Amino acid sequence: MDEHEWLAARFEENRSHLRAVAYRMLGSPTEAEDAVQEAWLRLDRSGADGVENLGGWLTTVVGRVCLDQLRQRSARREEPLEVHVPEPVVRRLDADGPEDAAVLADSVGLALLVVLETLSPAERLAFVLHDMFALPFDEIAPIVDRTPAAARQLASRARRRVQGTAPAPDPDLARQREVVEAFLAASRGGDFDALLAVLDPDVVLRADGGSARGGMTKLVRGARAVVEQALLFSGFAPFARLALVNGAPGLVTAPDGQPLSVMGFTLAHGKVVEIDILADPARLRRLDLGFLDG
């Protein structure tokens with residue numbers, strides 16, 4: 001085995017970890033894969049001479065790549081996005097292949113990703129690398145051009161935002177599926193009371209239609225307002241099917257096989273507390289939805 005083959009093998013051992021880091025940083029499976037590929041190109045060019053911890057080195061490289069991308073996003077936006085739903089990872093509900101298992105093991109809830117989108121690039125990097133992947137602050141500090149103490153403060157600010165905003169989801173997937181199935185059945189039947197029964201009184205619905213479907217972009221709060229919104233689109237409910245959305249039961253709506261939306265649910269105490277809907281055609285096209293043909 002020559003050096004290139006050895007490096008490639010070591011890189012593949014770290015790929016799923018690096019993809020998990022990049023997805024939490026960027027909120028896009030496609031952009032995460034691009035960041036991981038960039039890390040490989042840098043490793044292939046520079047080699048591993050003098051690198052004692054290759055996994056840690058690759059993690060910091062991916063962190064730098066993602067930080068640059070987040071900063072470029074911020075520079076392009078003239079105004080902050082009022083409603084933005086990250087791109088979910090969608091799989092069959094019965095996903096059981098090795099690739100699916102790796103994806104599901106690295107799943108992160110859409111509700112958490114939505115909160116991460118509100119952080120500054122440096123805060124997001126410090127929180128993701130330290131709180132989610134246990135990277136020490138003395139390794140994070142050079143990436144954000146701060147002292148370790150300042151990097152710690154970045155993560156602390158991000159942590160307060162996350163803990164104060166992101167709902168903690170129920171761990172029982174079977175119960176989650178029951179509630180999502182009940183939501184779908186009530187939507188198909190136009191049953192106001194049945195929809196109301198599965199929603200938390202303070203439920204939040206966030207829909208992102210992008211520039212092509214601006215009329216679908218909205219933020220709705222409160223169970224009755226969310227039910228009214230759901231009933232407006234009940235005509236599309238027959239085209240919805242259950243799927244795993246970021247590792248939890250969700251819905252993909254695809255009339256005539258053409259994706260209209262992906263809907264993620266966050267449950268707490270047996271009730272739906274957040275619904276996140278991606279309906280942006282451009283970003284839906286980037287998702288791996290090949291199972292819809294099956």
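Which residue just after α6 takes a positive phi? That's A134, at about 60 degrees. Keep in mind that we're looking at a predicted model here.

**Two positive phi values**

A134 isn't a glycine, yet its phi is positive. The residue sits in the loop that links α6 to α7. N246 is another non-glycine residue with a positive phi, and its place is the loop between β4 (240–245) and β5 (248–253). Are these two buried or exposed? A134 has a relative accessible area of 63%, so it is exposed. N246 is at 6%, under the 20% cut-off, so it counts as buried.

| Residue | Phi | Relative accessible area |
|---|---|---|
| A134 | about 60 degrees | 63% |
| N246 | near 50 degrees | 6% |

**Helix α6 and its surroundings**

Step back from A134 and you get to α6 itself, which runs over residues 121–132. Its 12 residues reach 16 Å from first C-alpha to last, close to the 16 Å expected at 1.5 Å a residue. Why call this helix largely enclosed by the rest of the structure? Because 9 of its 12 residues are buried. Those buried residues are P121, A122, E123, R124, L125, A126, F127, V128 and L129, so charged side chains such as E123 and R124 are on the list too. The cover over them includes α1, α3 (54–76), α5 (110–116), α7 (137–144) and α8 (148–165).

**The nonpolar cores**

L125 of α6 shows up again in the largest nonpolar core, which has 62 residues. Along with F11, V90, L116 and I140, L125 touches the most other members. At least two residues of this core come from each of α1, α2, α3, α5, α6, α7, α8 and β4. Leaving out residues up to four places away in sequence, I140 touches L125, A126, L129, H130, L135 and A151. There's also a second, separate core of 24 residues, with V179, L199, A230 and A240 among them.

**How α1 meets α2**

Two packed helices are described by the angle between their axes and the distance between the axes. For α1 (residues 3–26) and α2 (residues 29–46), the axes come within 8 Å and cross at roughly 145 degrees. The crossing is right-handed. On the α1 side, the contact includes L7, F11, L18 and Y23, and on the α2 side it includes V36, W40 and L43. By class, the contact has 14 nonpolar, 2 polar and 5 charged residues. F11 links this pair back to the core: it's part of the α1–α2 contact and one of the residues touching the most other core members.

How values were computed: Residues are numbered from 1 along each chain as its sequence is written. This is a predicted model: local features need pLDDT of at least 70, side-chain atom pairs count only at pLDDT 80 or more; totals for chains, interfaces and linings use all residues. Side-chain values use heavy atoms; hydrogens and water are left out. Axes are lines fitted to C-alpha atoms, for helices over the stretch in contact, and angles run from 0 to 180 degrees between N-to-C directions. Helices (H or I, at least four residues) and strands (E, at least two) are DSSP runs, numbered from the N terminus. A crossing is left-handed if the near helix is turned anticlockwise from the far one by less than a right angle, and right-handed if clockwise. Contact means heavy atoms within 4.5 Å. The expected span of a helix is 1.5 Å times one less than its number of residues. Buried means under 20% relative accessible area, exposed over 50%, partly exposed in between (1.4 Å probe, protein chains only). A nonpolar core is a set of buried Ala, Val, Leu, Ile, Met, Phe, Trp, Tyr and Cys residues joined through side-chain atoms within 4.5 Å.
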